[in-house]
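Trainee: I have a model open and some questions about its side chains and backbone. Can we go through them?

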Amino acid sequence: MAVFEKITIAKAINESLRASMEADPKVLVMGEDVGKLGGVFRVTDGLQKDFGEERVIDTPLAESGIVGTAIGMALRGYRPVVEIQFDGFVFPAYDQIVTQLAKMHARALGKVKVPVVIRIPYAGGIGAVEHHSESPEALFAHVAGLKIVSPSNSSDAYWMLQQAIAGDDPVIYFEPKRRYHDKSRLDTESIPDPLHKARIARTGSDLTLAAYGPMVKVCQDVANVAAEEGKSLEVVDLRSLSPIDFDTVQSSVQKTGRLVVVHEAPVFFGAGAEIAARITERCFYHLEAPVLRVGGFHSPYPPSRLEDEYLPGLDRVLDAVDRALAY
């Protein structure tokens, strides 16, 4: 147990995996290059050396086979933690995830548990090539039987992963890769928030910004700029996309009267649409303006030289804030 005043998200995930593996010999880590290399982002660095090749397994480049094997191991009592090397590589495993992993518990009438965690470094901002900067979270959140979470800071990265591993349901754990090296405080002796509970990252009174993963930092920066202009913005870190903690968002919007939902994934059919619809239903008589959404464009992720134009940034979010406050 320790307190880290400044620890990166990547290192916090490494510490979380280490703590889970020390606590339960049935926890395994598997994926492409997770062992000797320590993962392409070095998130699993040192784990194979300390826990051996039977618990930190370098797999072939076959995502469908990796997830299928993990399902079989979970049925035999293990708790596999699968790493998909990059977000765009998950699609060969999509069938295994949505038709097997997500359905097994219901198919067996609750008699079978499939405690598989799938770690996916996701989203853009790292100047990568095609298939390395996708945001597919809405595709999985639409599938009943899967839990979907995404941390935005080191403390959540540490605790949420352990909670996901300890649970009996399949969890897709989206890691905001461009935030891997962001540092924040971690107390490994603290009591963590429930896995699917949203967090008020900043209090405010004029408007609510709701975000998750890589966009939480953007929203906090927006709130700082807005404060200089005399505007008080509340930032809600959703943390979980399936289920979503609508109660926390509702409570915030009932106070502020305005909501802007921000995510890196395309706005079209994105998570923001569900949140906007639910909050409009729940807070109709509290809203002073329509719920607005800010996100990526409905287009393939662009080449790296154009990604700054594609990614929601300070100006796009501030523009939405101004539009909402103008009502």
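Trainee: Is Arg278 buried, partly exposed or exposed?

Mentor: Keep in mind that this is a predicted model. The relative accessible area of Arg278 is 34%. Buried means under 20% and exposed means over 50%. Since 34% falls in between, Arg278 is partly exposed.

Trainee: Which side chain meets Arg278 in a salt bridge?

Mentor: Look in helix 10, four residues from Arg278, about one turn of the helix. The partner there is partly exposed, at 37% relative accessibility. The N to O distance is 2.7 Å. The partner is Glu274.

Trainee: Which residues are joined into one network by salt bridges that share partners?

Mentor: A salt bridge needs a side-chain nitrogen of Lys or Arg within 4 Å of a carboxyl oxygen of Asp or Glu. Bridges with shared partners make one network here. Its members are Asp24, Arg79, Lys113 and Asp168.

Trainee: How many salt bridges does the count come to?

Mentor: The cut-off for each pair is 4 Å. One of the pairs is Lys147 with Asp169. By this rule the count is 23.

Trainee: How far apart are the closest N and O atoms of Lys147 and Asp169?

Mentor: This pair links distant parts of the chain, 22 residues apart. Lys147 sits in strand 6, and Asp169 in the loop between helix 7 and strand 7. Both are partly exposed: Lys147 at 28%, Asp169 at 31%. The closest N and O atoms are separated by 3.1 Å.

Trainee: Why are Asp221 and Lys217 separated by about one helical turn?

Mentor: Their side chains meet in a salt bridge, 3.4 Å from N to O. Asp221 has a relative accessible area of 32%, and Lys217 has 36%. Both residues belong to helix 8. They are about one turn apart because their spacing in that helix is four residues.

Trainee: Which helix gives the largest share of the largest nonpolar core?

Mentor: That core has 48 residues. Val82, Ile97, Ile118, Leu146, Ile172 and Leu259 have the most contacts inside it. Strand 2, helix 3, helix 4, strand 5, strand 7, helix 9, strand 13 and helix 10 each supply at least two of its residues. The largest share, six residues, comes from helix 3.

Trainee: Where is the proline that follows a cis peptide bond?

Mentor: Most peptide bonds are trans. The bond joining Ser242 and Pro243 is cis, with omega about 0°. Pro243 lies in the loop between strand 12 and helix 9.

Trainee: What is phi of Phe269 near?

Mentor: Most residues other than glycine have a negative phi. Phe269 has a positive one. This residue is exposed, at 68% relative accessible area, in the loop between strand 13 and helix 10. Its phi is near 55°.

Trainee: And what is phi of Arg42 near?

Mentor: Arg42 is in the loop between strand 2 and helix 2. It is partly exposed, with 44% relative accessible area. Its phi is positive, near 60°.

Trainee: Which residues gather in a patch of negative charge on the surface?

Mentor: Start from Asp33, in the loop between strand 2 and helix 2. Patch residues need over 30% relative accessible area and no salt bridge. Asp33 has 34%, so it is partly exposed. The patch is formed by Asp33, Glu53, Glu54 and Asp58.

Key. Residues are numbered from 1 along each chain as its sequence is written. This is a predicted model: local features need pLDDT of at least 70, side-chain atom pairs count only at pLDDT 80 or more; totals for chains, interfaces and linings use all residues. Side-chain values use heavy atoms; hydrogens and water are left out. Patches are made of residues with over 30% relative accessible area and no salt bridge: like charges are joined within 9 Å, nonpolar side chains (Val, Leu, Ile, Met, Phe, Trp, Tyr) within 5 Å. Accessible areas come from the Shrake-Rupley method with a 1.4 Å probe; for residues, only the protein chains shown count as cover. Lys and Arg count as positive and Asp and Glu as negative; His and the chain ends are not counted. The place of a charge is taken as NZ of Lys, CZ of Arg, CG of Asp or CD of Glu. Buried means under 20% relative accessible area, exposed over 50%, partly exposed in between (1.4 Å probe, protein chains only). A nonpolar core is a set of buried Ala, Val, Leu, Ile, Met, Phe, Trp, Tyr and Cys residues joined through side-chain atoms within 4.5 Å.
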